[in-house]
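Here is a short tour for a first look. Keep the sequence and the structure in view while reading.

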Amino acid sequence: MSNLTLSARAEAVQHSFSGGRKYRWLPLWLLLPSILVLLALQVYPTLYSIYLSTTRVRRGEFMYVGLANFERLLRTPSFIESLRTSLVYSTTYIILTVSLGLMLALLLNRRFKFTGFYLVIIFIPWVISEVVAGTMWRWLFQPTYGLLQSWINLYAPFLGERLYTTSGGALAIVIAAAVWRGLAFTTLLSLGALQTVPQEIIESASLDGASRFQRFFSVILPQIRPTVLVMILLTSIQSINSVGLIFSITRGGPGGATRTAAYYLLQIGWEQGDFGTGAAVSVILFMINITLTIAYLSIIGRRRD
Amino acid sequence: MVTSKLTRRFDQISTHLVLGLFALIAIFPIAYTLMTSFKSQDEVLTRPPTFFPPTWRFDGYNTVFNSDMTRFYLWNSLFNSTLSSTVVVTLASLASYTFSRYRFRGSRALELAILGLMMIPGLTNLVPLYRIASDLGVLRPQGLNANLFISAVYTAGGLPFAIWIIKSFFDSIPIELEEAALIDGCTPVQALIRVVIPLAAPGLMAAFLLMFVDTWNEFLAALVLLNGTARTVTVGLYDFQSSFEIAYHVWTAACIVIMLPVLILFVLLRKRFFEAMLQGALKG
């Protein structure tokens, strides 16, 4: 509704703009710098990436090889393995951050004392760089001198010794660090959504004798459904493209156990300098991102109308 | 309402317990990092590890403050973050003004296309950007300044998000104010600079802040595009790995030095920060 009146008003102002002709192209001039920057450093690299994915460097020359890079990639077991690792990493990350974020937001939304204080503290990990956060977690689980590892050895030995050096343990550490950092984001978004749910609806439901769980699942959740979907999409984009934490905690090891597709791209395209295959991985990741983005835009777009 | 006083009291206590636990989890790794940074090499390699340093020492900070971290990397990060955030907020203000106040054929599609670019991760552009950088001679020490180039890359990366949030701040400013300014004889450009921008200043500040923190923390592009003394804090952190593999007092001191500036910014301006993130992800 408000958008409709706004655009009607915008038209009114357009007419009232003095100077008429002279400022006819003003909107275009205002947009131009941004569009040029985006074309040069976002759109062009993306197209360049698609081109590179069809080439291979032989003796310093770029040779067109068609879809050969993709064919070879899909027959490479370590790449398939990295896709599987990405799936495990992302799914766990999404489930944990979204559900815990919702839970924390519900508690924060009760608005007892210190709510603002808790929110700020819970948000701090998000402000810290991935590589710094990763370094801290790596230190906590350092096999011989790490504090958390030594506490595990003492109080919870069933979790395992030297977790950092086992494949399951290393993946768990990376996911724990990612959730630790990402929880801030989903908590804030959930809280923002919960605050738009009218208090009367919840109260009338509890007058009808709805229990807490009933109230959440049948009254609150339907109201904030679009935000939950947005959170799932944004957290999946985050986790599919996340590299910094893995780089700083495990470098993809041990034995490739924490090598996600994104990390595979970094290794093959940058460390090994194989531009063609690296670009092919980029294109595959890009397609996954585009699919998620279109879904995101359609939710955001629908809500606006 | 049938909620008794007792259940309310129970609710209050259990809420504080759970929130307190999560706050503790959030702060614990940082607190331990801070404690480690005040230990000596021997104390870092003590088994079993202790939480507090037995004696407070500054060996780690001494090493960090006499390294390339404070000679180069901090300044490079400051340069990149300031430059790209300033340019992003300037360009995005102009573009957002068009999207907020004008409708023309294709304007809606263009807006969505730019929002779509927001979702292209820096990661998938890495290989081509490396190629472009090496073609431009950015990677050679005597070539184009690497930090200028990477600031441009950050600008392009941050623009879509900034346009998105600044536009929603512009949308909330009543259009009558500009109309009045126009009637008083302002040109549209003057109306933007003298009326709209000052009113949207908190929103611009918020966008600047988010962009600054993101750039400060960025790792991947910096890893691929920067070499030697052109590196930033997040990449420079790894200097301490090669020479001090197990010297975690030095590593953690470096971590504290790197996170402190953005942490202070966040705590001081947290309201703006939250507002901008909510606008960016959910509204528009």
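## Two domains in chain A

What distance separates the centres of domain 1 of chain A and domain 2 of chain A, taken over C-alpha atoms? The answer is 35 Å. Bear in mind that this is a predicted model. The domain assignment places domain 1 of chain A at 2-52 and domain 2 of chain A at 70-304.

The two domains do touch. Domain 1 of chain A brings four residues to the contact, and domain 2 of chain A brings six residues. On the domain 1 side, helix 2 of chain A (residues 26-52) gives the most, with three residues. By class, that side of domain 1 of chain A has two nonpolar, two polar and no charged residues.

## Where the chains meet

The contact between the chains takes 79 residues from chain A and 85 residues from chain B. On the chain B side, helix 1 of chain B supplies the largest share, 15 residues. That side of chain B divides into 62 nonpolar, 15 polar and eight charged residues.

## A helix pair across the chains

Look now at helix 6 of chain A (residues 130-140) and helix 1 of chain B (residues 5-37). Their axes come within 10 Å and cross at roughly 80°. An angle of 65 to 115 degrees counts as roughly perpendicular, so helix 6 of chain A is roughly perpendicular to helix 1 of chain B.

Which residues meet here? Helix 6 of chain A offers A:Met136, A:Trp137, A:Trp139 and A:Leu140. Helix 1 of chain B answers with B:Pro29, B:Ile30, B:Tyr32, B:Thr33 and B:Thr36. By class, this helix contact has seven nonpolar, two polar and no charged residues.

Methods. Residues are numbered from 1 along each chain as its sequence is written. Chains are lettered from A and ligands numbered from 1 in the order in which they are written. This is a predicted model: local features need pLDDT of at least 70, side-chain atom pairs count only at pLDDT 80 or more; totals for chains, interfaces and linings use all residues. Axes are lines fitted to C-alpha atoms, for helices over the stretch in contact, and angles run from 0 to 180 degrees between N-to-C directions. Helices (H or I, at least four residues) and strands (E, at least two) are DSSP runs, numbered from the N terminus. Angles under 35 degrees count as roughly parallel, over 145 as roughly antiparallel, 65 to 115 as roughly perpendicular and the rest as oblique. Two residues are in contact if their C-beta atoms, placed from the backbone, lie within 7 Å. Ala, Val, Leu, Ile, Met, Phe, Trp, Tyr, Cys and Pro count as nonpolar, Asp, Glu, Lys and Arg as charged, and the others, Gly among them, as polar. Domain bounds come from an automatic or database domain assignment.
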